[in-house]
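Work through the following exercises with the sequence and the three-dimensional view side by side. Try each task yourself before you read its solution.

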Amino acid sequence: MQTVKELPACPVETTLMLIGDKWKVLILRDLLPGTKRFGELKKSIGSVSQKVLTAQLRDMEAKGLINRKVYAEVPPRVEYSLTDLGKSLKPILDAMRTWGEGYQEHCRQK
């Protein structure tokens, strides 16, 4: 987690710093219903590479948005879930979905 001194002065910029990447928003969307394994996330997101997905998950974990739980099994099983802080982004994602639906409808009517 970052200290307050390291955060941008603008709250919108702070939010964008945390979720401004396309993949991060899709990861949040896919974890809102509940816990998922790495392979499930990769499959549900689609065209993201394993390397990029891993980097995004690590960054989101470091910033306190997701939990990563590793099970001592062979082969190892890793599950990802949202923290309470990550879950608090739901209204933002809901608003993005609603706006996107409206925009899609607008484009259909042209």
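**Exercise 1. Which residue in β3 is the bridge partner of lysine 36?**

Before the solution, two remarks on the material are needed. The structure is a predicted model, in which local features need pLDDT of at least 70 and side-chain atom pairs count only at pLDDT 80 or more, while totals for chains, interfaces and linings use all residues. Residues are numbered from 1 along each chain as its sequence is written, and side-chain values use heavy atoms, with hydrogens and water left out.

Step 1. Strands (E, at least two residues) and helices (H or I, at least four residues) are DSSP runs, numbered from the N terminus.

Step 2. In β3, the partner of lysine 36 is tyrosine 80, and arginine 37 stands opposite glutamate 79 in β3.

Step 3. β1 and β3 (residues 77-82) are joined by two bridges and run antiparallel; two strands pair if DSSP finds at least two bridges between them.

**Exercise 2. Find the order of the strands in the sheet, and explain why β1 and β2 each have one side without a neighbour in it.**

Step 1. The sheet is open and consists of three strands in the order β1-β3-β2, with antiparallel pairing.

Step 2. Because β1 (36-37) and β2 (66-71) stand at the edges and each has a single partner strand, one side of each is left without a neighbour in the sheet.

Step 3. β2 is joined to β3 by six bridges, and these two strands run antiparallel. Within this pairing, asparagine 67 has serine 81 as its bridge partner in β3, and arginine 68 has tyrosine 80. Tyrosine 80 is thus named as the β3 partner of lysine 36 and of arginine 68.

Step 4. β2 and β3 form a hairpin with five residues between them. Proline 75 is found in the loop between these two strands, and the peptide bond that leads to proline 75 from valine 74 is cis, with omega near -5 degrees.

**Exercise 3. Decide whether the residues of β3 are buried or exposed, and then compare serine 81 with threonine 35.**

Step 1. Buried means under 20% relative accessible area, exposed means over 50%, and partly exposed lies in between, as found with a 1.4 Å probe and protein chains only.

Step 2. In β3, six of its six residues are buried. Both faces of the strand are covered, with Arg77, Glu79 and Ser81 on one side and Val78, Tyr80 and Leu82 on the other.

Step 3. Serine 81 has a relative accessible area of 18%, so it is buried. Threonine 35, which lies in the loop between α2 and β1, has 45% relative accessibility and therefore counts as partly exposed.

Step 4. Now look at contacts, meaning heavy atoms within 4.5 Å. Leaving aside neighbours within four places in sequence, serine 81 is in contact with Leu31, Thr35, Leu65, Ile66 and Asn67, whereas threonine 35, with residues up to four places away not counted, touches Glu79, Tyr80 and Ser81.

Step 5. Compare the sequence with space: serine 81 and lysine 36 are 45 residues apart in sequence and 6.7 Å apart in space, C-alpha to C-alpha. Threonine 35 and asparagine 67 are 32 residues apart along the chain, and their C-alpha atoms are separated by 9.3 Å.

**Exercise 4. Which residues have the most contacts inside the largest nonpolar core?**

Step 1. A nonpolar core is a set of buried Ala, Val, Leu, Ile, Met, Phe, Trp, Tyr and Cys residues joined through side-chain atoms within 4.5 Å.

Step 2. The largest such core has 21 residues, and those with the most contacts inside it are Leu53, Leu57, Ile66 and Tyr80.

Step 3. Two or more residues come from each of α2 (22-31), α3 (38-45), α4 (50-62) and β3, and α2 gives the most, with six residues.

Step 4. Take leucine 57 as an example: apart from its neighbours within four places in sequence, leucine 57 is in contact with Ile27, Phe38, Leu41, Ile66 and Tyr80.

**Exercise 5. Describe the chain as a whole.**

Step 1. The chain has six helices and three strands, which follow the pattern α-α-β-α-α-β-β-α-α along the sequence.

Step 2. Of its 110 residues, 30% are buried, and the C-alpha trace spans about 55 × 40 × 25 Å along its principal axes.
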